[in-house]
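Below are some notes on the model, set out as numbered points. They deal with parts of one chain, its contacts with its partners, a single residue elsewhere, and a further chain.

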Amino acid sequence: MLLSLMIFVPLLGMIVVLLLPRESEELIKRVALVFTLIPLVLAVYLYITYNQPDLEHLWKQNVPWIETFNIQYHVGIDGLSAILILLTALLGPICVLASWRNIEKGIKAYMALFLLLETGMLGFFAALDLFLFFVFFEMTLLPMYFLIGVWGGPRREYAAIKFFLYTLFGSVLMLVAIIAVYLNSGAPGDRTFDIPTLITLAGTAGHALADPVFQRWIFAGFFIGFAVKVPIFPFHTWLPDAHVEAPTAISVILAGVLLKMGTYGLVRINMDMLPEGMAYFTNGVGFVGNSLALLGFINIVYGSFCALAQTDFKKLVAYSSIGHMGFVILGLAAGNEVGVTGAILQMFNHGVISAMLFLLVGVLYDRAHHREINGFGGLGNRMPIYTGITTLAFMASLGLPGLSGFIGEAFSLLGAYERFQVLTILSTIGIVVGAAYFLWTLQRVFLGTLNPKYEDLPEINRREILTLVPLGILTIVLGIWPHFAIEMFSESVVELTTKIMGTLQASL
Amino acid sequence: MVVTLIGIILLCPLAAFAIFALFGLAKRSFPRQDLLSTAAMLVALVCSFILLREVVPDPEPHTVDWISIGKITFSMGFYLDSVTVIMLIVVTLVSSLVHIFSIGYMHGDPRYPRFFAYLSLFSFSMLFLVVSDNLLGIYIGWELVGLCSYLLIGFWFEKDSAANACKKAFLTTRVGDIGMFIGMMMLFAKFKTLSLYDGSENGIFTLVEGLSGTGDMIWLSIAGVLIFCGAVGKSAQVPLHTWLPDAMEGPTPVSALIHAATMVAAGVYLTARMFPILTPGSSLVIAYVGGITALVAATIAIVRFDIKRVLAYSTVSQLGYMMLAIGAGSYVAGLFHLTTHAFFKALLFLGSGSVIHAFHAMHAHHNDEHTNGEEHEHDDHSLVHEHGSEIPPDQDMRNMGGLRRKMPLTFITMLIATLSISGVPFIFSGFWSKDAILGGVLGRAMEWNSVHHYLLFGMALCAAGITAFYMFRLIFMTFFGEPRNQEMHDMAHESLWVMVVPLLVLAILSLPVVNKLWFNKDYIIRPDQPHVHAPQHAYVSPDTKTGDVDFGIVFFGISEAEAAEDEGGQDIGHADDAHHAAHELAHNIAMVLSIIVAGLGILLSWLFYHRRRFSAESVATKFSPVYNLFWNKYYFDEFYDGVLVALTVWKSRLFAKFDLSVVDGIVNGVATIVRQIFAAFIGFFDNRVVDGIVNRVAEVTWAAGGRIRRIQTGAIQTYLFVVLGGIVLIILIFRAL
Amino acid sequence: MNPLENIESLAYFAPEILLVIFAAAVIILDLLVKNRESEKVAYLALVGLGCSLVAILITNSILGTNESKNLFFGMIRLDGFAVFFKVLLLLATAATILFSLRSEELDVRLKGEYYALLLAVTFGMFLMASATNLLMIFIALETVSLTSYILAGFLTHSPRSSEAAFKYITYGAVASGTMLFGLSLIFGMAGTGDLATIGQQLPALLGSGEVTALGVLIAITFILAGIGYKIASVPFHMWSPDVYEGAPIPITAFLSVASKAAGFALFLRFFFSGFGNSEVMQSIDLGLLLAVVSALTMTIGNLAALPQQNVKRLLAYSSIAHGGYLLMGAVLLTNGNAAIVDKGIGAIIFYLIVYFFMNLGAFYVVVLIANEAGSEMIDGYRGLSSRAPLVAGAMAIFLFSLTGIPFLAGFFGKWVLFAAVIEGKLYWLAFVGLLNSVVSLYYYARIVKAMYFETAEDTDRLSFSKGTFALLSVFVVPTIFIGLLNIFYSLSERITLQ
Amino acid sequence: MSLQHYLVISAILFSLGIFAVLTRKNAISILMGIELILNSCNLNFVAFSRFVTPSENIVGSEVFRLDGQIIAIFGIVLAAAEAAVFLAIILAIYREFGSIRPDKVDTLKG
């Protein structure tokens, strides 16, 4: 019940915003803020109560929706979705705050779309019905398209349509897979989209869904759908454009949450529902057996090197997040407790850290109105606080131990090493390069002599600090005591990995 | 009790930093950050001394479960044995002194508070590294000290040289760290844990004993070497040593604390910690790396003129010694040298600092000092750093000379340190530790009669001689003779008391009596190395632990024989005479030789630089190839910048291009095929070239649309023709089916 | 169930009769009222539609569920299928009349017969939806066609309109002539015009060799020309872009929805009762034929829509493409499995419901913009988001629904279709369809882009009446909610052909 | 005369009609072509009705059913109606374009 409330409160907020007169901008912003804060409050409550059996009923709901196809409105949470919901709910108000000043036109439509987007994201992470899952997955498309296309940079139209077409293409394949799963889930009478049911069915020997070959194909279908979202090489080329053009807050959401939708889908569907398929692509036998890990490795190294070559601050961060998502893929490919835990941690942490990075880029852009890395220099003297926070974010992102970024990467690698020694060792290159491009950027932007152009660049203001501090604290706290996050999903992970590992043993 | 104390030790500096950070966010700064940080360090120092008596022979780690997923648990915790305490004391002691020194040295710097905050953060990280009981914890501290070193080297980041140096330091050490991390991954994959000592019998050290068979040995050796890579990076061993000299761009106290006494020694500490997992193979690698480093760095140091660089290279070379010692199994000797070196090298740096500071009166302050125009030109911000930037005048020994009258205290203290590092016998700690190492190496050489160790001993000996030479060269050029630069000389003056007091303290610490604190008999117990045995051809029983000097000899004058007895008794039981004989012999020979080479070194530099009996220049010209080799630091930097860095940058550019051309190119290929398909049934071709996936496919489909439009001529009879054509076509096709 | 004779039939024929009566009434009233008040005529027409609707519902209730009556000696059949289409067509006509009231391009003086013609065409479509005899099929088709020709050319002094009418009639006449020839062949084979009988006899005749598969193929292809031209399927689609562009916008809307729907009704009934027997279909591989036609239809429709600048024309091509999607459902009729056949019909019906709302809505916006901004070109839509935010928003919803973006009705329509097609194991067809819907995004998005991402030359806000928004919301609300409610699915499930 | 003869004739008519429709450069002759097509169909219906449709036996005497003929009659009627509309539209075309050449009427295209 509460979960549904959390999902649809932003939608309600959208309606409210739409009813407000467009002139009263301050009011609109406040309303939007309130309606993004409510889910946050609920999410915190969720964090407190998610594993209390007597309160579980709060966090699940299952009502029939379209009986004809036996589609249900079935939402619920486990550790994984809970943590991502937490992330989404956290970034919501932060993005509203980040959009407070630098959205000049049509703040009303902007906030309305943003709230719709948040509903889509929350719903996606909570959905336990395959059809609902897909609907929410696509629901994020429209708002994103408009948010990039209307409020974006110079090449916004191109970026927006590119983003839209890519994701649509991926989701088309996913749709086929979904239909296939549905049709094979049983006799015409009792077909179902219910994910838990499907998972059990896929586990029962002899069932159509359990057939390894079938699972491989379905796996591929879903995988491409999610791979575009993650994005996994070679489906990644939409990401830099989208990021560069999108307004700050939208970049934050894009990197912070939307990318996670892809990886979340991989865990929820590809791993949990299709263990046979997963085993086939990660059993380490031959090229196919290593393909998933290979993609992870390519993402890591490729993303890092591309980032190294960028001179646009935002593009650099965008490519860096391609690299970091690579660790997630690698960890998931490992399929063992440590690897998957690392991957999930990395999802959350990258969400937080990349959000910070994009916010920081935005802060700089709002002041200097360009993002050319070589165009700055010596800012460390001019804006020490900004420099400090940026250094923190960079260090977290390049995986400095003691900050949250490290644990995700380290665990993904630790886990992956057990299964894919060579690829993992090669992937560590990414860590060095990661350090390289971040430090180099740090040097070019903040160190050295102050560029006279920016003699009087104003220091980061309180509102901006307010958006950054929670994320910064989270980065440090989770770096010191990751258990806060891990305890949420450790059971789910153990369950999942035992299944995967079992299937692997069987398949080998 | 122990936990509480360690907690205090860790939290004090951390709190000092946190306060700074919080005030920073509120856009102001804490009034007396310097006192705050210093106080915090002093508290930590006191606690460390209290801990001294808490040490028990075979301690339990105090751990908490940090992360636990299913069966696998990562614990975090403290492990307090004698080594830990020694490190704690060294770190807190030097750190406190440096704090005090900095109050004077950094006075007036615009970022004065931040400097102390960074120092505190560093101290915290270093202490955390030291007390951690597991590899993960060590790695965390490891990287954190790296960060602090980065921040402090780049403290005057307006200097491009500094900006480059700090980046270089971080990246170079990071390369080593990756090796370390891979090593950790290997260990984890094998043992499913990263904690070293574990009460419940599944710490790495207990598990490693279970290993057997050559396959395991090879694997373990590789793991050991990989972990050692981390140490190579941090402790600036060849080939990753190049960052340390550049690191001298940082303020001198930083050099003293981080790049002489503590952080760089962390590598040695790590290697010592991992002592039990070392195999003969990995030990030998470590020993060689250490030996080579010792020699190479020493030779480079001979020809430097920047006083700080000389010290930097000497640091590298001394660290090489320690590695050598541990590689050769002289565990205690290595740690002993670590401590003694920490003190006298810190002393040397602070001394040089006070000299530099003395020259500062005539210069404007640091941060606007080196940011003059011509340096601006070559700040092209490329990843390839330019280095060996011309020596700042206040660090150039050629501007100094005859300072001993000007700054007597500095002179005395530095002289003591120099004597100590050069290994002048009996009253200086350096002598004993170095001799312990030489003796240890020679001992193992004789005992295993292995060529390797004889060779290593040779290297160590040469290095010792050279060290004595260049250190006295420094002293002579700086303090003796006539002032070479009169005006600077006139400006020079003895430093403030805040700066002198630490010098004195360190000078006292450079006397052996102090080190008696912990290096008396079996205070440090050399851990067991389950997989290191004397080779078959050795003439001692295989399972004998070897290679340590007993400092009973040094401090209590116990006879060699007794020492041998003790040592034997320390063994599993049976000591045999050959073994003792080897060691008596080894120590005697080593002692004699080291005294000789030290004497030679000093004599030579006296002849060269004080009496001017020979001129260095003429020698330099005579052996110009060698001289150039030394002067260019064996061309390491050139190699790295020219090849590796360039390669990386090039590769990244390539990848970026790849992203634009090839990936999209592939899709364009697909698009072309798609176009062919359309063309097939539409009957036209589209030859325009566009790049970018979406607009490409769009172009293609678009063009296809255009083709269809052409059919839509607008003439009704065409339409009708299509209709009837369609009908006929359908009939024909489906007739055939 | 033996067919009723004429007098008995009249009761069930009430809806059609009412339409005819009101058509006459409209003409008479038009003579009485003055030009200024000619809205009254429209309202009378609406009343007529209302009465007819009531009559339909009554007859339906008399009929009872899953019952059917053969009227006039089996000339037409009244069943749930027919009822559904009648309601749909009725609503479409009503919408068209309302559009016409708001459309400024239509000539005021001629309103009277205009509405009469609309009623007449509706009447013809009713017959199309229920005809079960070759004769009735032909009559119905011609009634609809002749009236539509006139409506298409209704704009006097507009060359485009006249040209549209000219092309339409030439094309239509040839197509229907060809169809009639095909019908005559079928008639010759079975010796009767009754579809049911034909359906029974053909297999036997094929078996006995009196009729060759080639003959059947030729006949069917000829007939396809007639029906295909009504539903604008490749290669019989070429009239529609020109006619849609030339005709008055309300008529374009009407043609794109109503006449397409009627065409499908006829199509389904004809092939299902006439050739429902799978042997016949197998003998000429009708399934593959339809599949290919459908694939080509949607592909060509979408591709040709890409470069269009005129929104009307763009929507014309898009409606061709949608005809292609609907044909996918029709392909399933050739499937041996009865369950899948029902799924196919259900899918088509559900899609038609969805298509009704989103397409009419889109055309309504075109009407409004043509009135206010006076342009049918995409450029005329620049910066609409700021000039008329609500209308722009509605248009965006319609267009994305047409694309099939989830939680909008269009997605659910496609979903039902593709689910059925995949269940029918026509994977390649489903894949082609899905790719097409990706392509279609591109041109729909161009309009959205113009409305939202580009800025207008003149930025004065367009003003619309309350009624406009009311009517608009009639289309917007269902476009958002149809997919989310179960009733429409179950409705489409229930309607089948015996 | 057998059924075949009629069919052949109607086929010829049909083809002529199609030919006229495709080739004539005058709207009127296109209309004539269309009429040809329709009449070929009517001929078919009548012929089939005569030769194919089974006769019924009512009170002893053989009675021919006239389905085909009826269809033909309706066909003629509709053809007439179509011709009327067509001519009207041709008038409009002539008024707008000043010509009834079908290939002149091609402003709507693409």
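1. Just past the end of α6(B), B:Lys192 has a positive phi of about 60°. This is a predicted model, and the angle should be read as a computed value from that prediction.

2. The helix that precedes B:Lys192, α6(B), holds up to a simple length check. Its 32 residues, at 1.5 Å a residue, should span 46 Å, and the C-alpha atoms at its ends are 45 Å apart, which agrees. As for its surroundings, 28 of the 32 residues are buried, so α6(B) is largely enclosed by the rest of the structure.

3. α6(B) also matters to the count at the contact between chains A and B. Chain B puts 44 residues into this contact and chain A puts in 48. On the side of chain B that touches chain A, two or more residues each come from α1 (2-25), β1 (62-69), α5 (135-153), α6 (160-191), α28 (636-682) and α29 (693-711) of chain B. The largest share, 13 residues, is that of α6(B). Sorted by class, this side of chain B has 26 nonpolar, seven polar and 11 charged residues.

4. How do the chain pairs rank by contacts? Five pairs of chains are in contact, and chains A and B share the most contacts among them. Chains A and D, by comparison, do not touch: their nearest C-alpha atoms lie 25 Å apart.

5. Chain B has a contact with chain C as well, where 22 residues of chain B meet 28 residues of chain C. The elements that give two or more residues to this side of chain B are α29 and α30 (716-736) of chain B. α30(B) gives the most, with 11 residues. The class division here is 14 nonpolar, six polar and two charged residues. α29(B) is thus listed for the side that touches chain A and for the side that touches chain C.

6. β1(B), one of the elements listed for the side that touches chain A, is paired with strand β2 (residues 72-78) of chain B. The two strands run antiparallel and are joined by seven bridges. Within the pair, B:Val64 stands opposite B:Met76 of β2(B). The hairpin has two residues between its strands, and B:Gly70 there takes a positive phi near 55°.

7. In chain A, A:Ile71 belongs to strand β2 (residues 71-75) of that chain. Is A:Ile71 buried or exposed? With 22 C-beta neighbours inside 10 Å, A:Ile71 counts as buried. Apart from neighbours within four places in sequence, the contacts of A:Ile71 are A:Trp65, A:Ile66, A:Asp129, A:Phe131 and A:Phe193. A:Met121 is 50 residues from A:Ile71 along the chain, and their C-alpha atoms are 20 Å apart.

8. Chain D contains three helices and two strands, in the order α-α-β-β-α along the sequence. Its radius of gyration is 19 Å, well over the 13 Å that the globule rule gives for 110 residues, so chain D is more spread out than a compact globule. The C-alpha trace spans about 65 × 25 × 25 Å along its principal axes.

9. Two further values describe chain D. Of its 110 residues, 38% count as buried. Among the contacts in chain D with a separation of 6 or more, 48% are between residues 24 or more positions apart.

Technical notes: Residues numbered from 1 in each chain as written. Chains lettered and ligands numbered in written order. Predicted model: local features only at pLDDT ≥ 70, side-chain atom pairs only at ≥ 80, totals over all residues. Contact = placed C-beta atoms within 7 Å. Helix = DSSP H or I, 4+ residues; strand = E, 2+ residues; numbered from the N terminus. Nonpolar A, V, L, I, M, F, W, Y, C, P; charged D, E, K, R; others polar. Pairing = 2+ DSSP bridges. Expected span 1.5 Å × (residues − 1). Buried ≥ 20, exposed ≤ 12 C-beta atoms within 10 Å, placed from the backbone. Rg over C-alpha atoms; globule rule 2.2 N^0.38 Å.
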